[in-house]
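Let's take a walk through this structure, one feature at a time. Have a look at the model first, then read on.

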Amino acid sequence: MTLAFLLLAMVLVLAGHAFRLLRWEQFVRIYERPQRGIMLRGLAGGYAINTVLPLHLGDVFRAVFVGRRMKSGIGFALATVIMDRFLDVWFVAVGFGVFALMGVGGAAAHAAARYYLLFAVLLAVALVVVVALRDGIKRICLAVCGLFNETLKLDGMVFCWSLINTFKDLRRINLLRLAANTVLMWAAYLGSYAALAAAMTSAGRPMDLVEVFSLLFGQTAGDLRVFLPGGVLDGAPAAAYGVLLGWFLVPLAVMWLATLLPAQVRGVVNQATAAAPAGESYLNLLPQADPQDRAAFLSQYFGLQNKAWVDRFLQMNQDITILQDYSAGSNATTMLCMDKNRTFYRKYAFGADGEKLAEQLHWLRAQQDRLPLCEILRTGEEAGCCWYDMTYDPQAVGMFRYLHSNPVEKSAAVLHQVLDTLEEKLYRPTAVAADPEKIEQYIAKKVDGNLQKLHEARTLHELMAAPTLWINGKEYKNLNQLGWLFAHERLRELFAADPVGTIHGDLTIENIICRTDDKGWYLIDPNTGNLHESPFLDYGKLLQSLHGGYEFMMMTPRVTVQGNHIDFALTRSAAYDALFADLMANLERRYPDQVDSILMHEVVHWLRLMPYKLSRDRKRAPMFYAGLVMVANDAADHARR
């Protein structure tokens, strides 16, 4: 009889462990496909350690063992284990409460009932407090994690983030299935405990269900202390020791050996219990793949910075992985992403910037039959938010990279094609007469308005007051000595003769995408709302790249300012110089009498850039002001010829 009861107890406890595994994987499945073999080994190892050591240290092993092999990491695995044990506390509290009400188990059962009920109440109160004071607790989490180095800080924030989301995402779990797994798990466990009590009694150490329950969850905690002198088994027959030891260890060995079954057998079991149903998709715990991007996002989240942005960001990107941030000089964010089907670029913005991006998206749709443009895969527009996905092609690179990895002649040929196509397909078919009112608005907003912002900028106050600037050892007239360049009468006369029509609006080198297999090119990232929509603005953008060296400035990390001296490592490539010379020759040929206007539009582009740099890149703003001064001097020199 002893062996029969023991075998029944072991079969039932294995059934309980199986339902625990099914319940545990419900928390995991939200974010990734459960790896049952790994989880089963972790569960077996955790129970084995709990048998030897107190304080449920085996649960820590379970989290670390499984988490190191999961996409979401140890912090997430630990959060799911905590959730698993959190649910157990309530059942054990109820169990001891029932025993106490029934008057069985004596003082030990009553003490355990008081302990677990108090523990359960404290957990409930803690949940209420965490929800009520969640903002303050987030700040505390950030402060505590900030005490450690960057690696440990990130690990700590990921764990806190995982714990928050594991509780929050209970709504994503099939609660009926969760309840069923929990009920079946505890029914199997209680049956096992009853069979174990019968086996122990048959082996010479009388026990009942409540005593086994107290042995496992009471003060003795079910670890190695039960076998030591003074423990529950002190003075019991050797057979009783063997029964309890076998009940502890044999199921764990079976669990471990089950992971070594042939793949076909494990596959049938997994399919039968729907471990990974066909078409199942998973959210990302964090969409960012790069640790630095993760750290920056979590610092924003726990620091309560721009909560609305964080919520929208997660809602938009929870089902993708962000590989790299390619954002440049605008308020929109561009990221290289992937989902289970493909790799692609996603561009998004919120608020007023989202409305601006929506205008860009509408422009792309409107001009898709006229021009070679990026392929739009998916889009989304709602109040305060706009996003769209673009095709990623490893053969397609920005012209900056193309120019510096191919002969200049090839880049010049592509640029000629771009300008010819824009002229024939966009500028001429949409040409209209220049609007004097819009020219006035353009001068007032883009020229006068940005000049005023420069004068108000404390960062540039001393620089702007100097009559000349020494930039990298060369002297230039400052803007206050070039007032005639910005005179309204001069600008009206220049711009009145400009051609006007639909334009790209942001025709920088990086927004021309070239194919390395020489199968063409296409344009990305148009900019609308330029008021005075002249093709000369597009040419001015090209000059901002090739003449002003904007892309190289973006790669320059530091600038020093002393008095009226601005120094930075200004880099220019021979390829840039050659393509700039080719572009100028092209413009001189196309518009022999209007190059001054084109150069002035480049100056205006630098003016429009400055407020953004002053607000977002204040330390490097003097370098971009130097770029403005240099192109303004060149425009002035050209106008005097």
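## A buried aspartate and its partners

D84 is a good place to start: with 0% relative accessibility, D84 counts as buried (buried is under 20% relative accessible area, exposed over 50%, partly exposed in between, using a 1.4 Å probe and protein chains only). D84 sits in helix α4 and R23 in helix α1, so their pairing ties together parts that lie 61 residues apart in sequence. The two side chains meet in a salt bridge, at 2.7 Å from N to O (a salt bridge is a side-chain nitrogen of Lys or Arg within 4 Å of a carboxyl oxygen of Asp or Glu). Helices here are DSSP runs of H or I with at least four residues, strands are runs of E with at least two, and both are numbered from the N terminus.

A word on the source: this is a predicted model, where local features need pLDDT of at least 70 and side-chain atom pairs count only at pLDDT 80 or more, while totals for chains, interfaces and linings use all residues. Residues are numbered from 1 along each chain as its sequence is written, and side-chain values use heavy atoms, with hydrogens and water left out.

## The rest of the charged network

Which residue forms a salt bridge with D84 at 2.8 Å between the closest N and O atoms? That's R20. R20 belongs to helix α1 (residues 2-29) and D84 to helix α4 (residues 73-102), 64 residues apart along the chain. R20 is buried too, at 1% relative accessibility.

R23 has a relative accessible area of 0%, which makes it buried. R23 also meets D88 in a salt bridge, 2.9 Å from N to O. This pair again links distant parts of the chain, with R23 in helix α1 and D88 in helix α4, 65 residues apart. D88 is buried at 5%. Through shared partners, salt bridges join R20, R23, D59, R62, D84, R85 and D88 into one network. Over the whole structure, a search turns up 31 salt bridges.

## A five-stranded sheet with helices on it

Further along, 5 strands make an open, antiparallel sheet in the order β1-β2-β3-β5-β4 (strands pair if DSSP finds at least two bridges between them). The edges are β1 (321-325) and β4 (376-382); each has a single partner strand, so one side of each is left without a neighbour in the sheet. Neighbouring strands are turned by 25° against each other on average, direction ignored.

Between β4 and strand β5 (residues 385-391) there are 6 bridges, in the antiparallel sense. E381 stands opposite C386 in β5. Helix α13 (residues 307-317) lies across β1, β2 (333-338), β3 (343-350) and β5, at about 155° to β3. Helix α14 (residues 351-367) packs on the sheet as well, touching β3, β4 and β5, with its direction at about 130° to that of β3. Contact means heavy atoms within 4.5 Å; axes are lines fitted to C-alpha atoms, for helices over the stretch in contact, and angles run from 0 to 180 degrees between N-to-C directions.

## A four-stranded sheet

Another open sheet has 4 strands in the order β8-β7-β12-β11, with mixed pairing. At its edges stand β8 (474-477) and β11 (559-562), each with a single partner strand, so one side of each has no neighbour in the sheet. The twist averages 25° from one strand to the next.

Strand β7 (residues 468-471) runs antiparallel to β8, and 4 bridges join them. I471 has K474 in β8 as its bridge partner.
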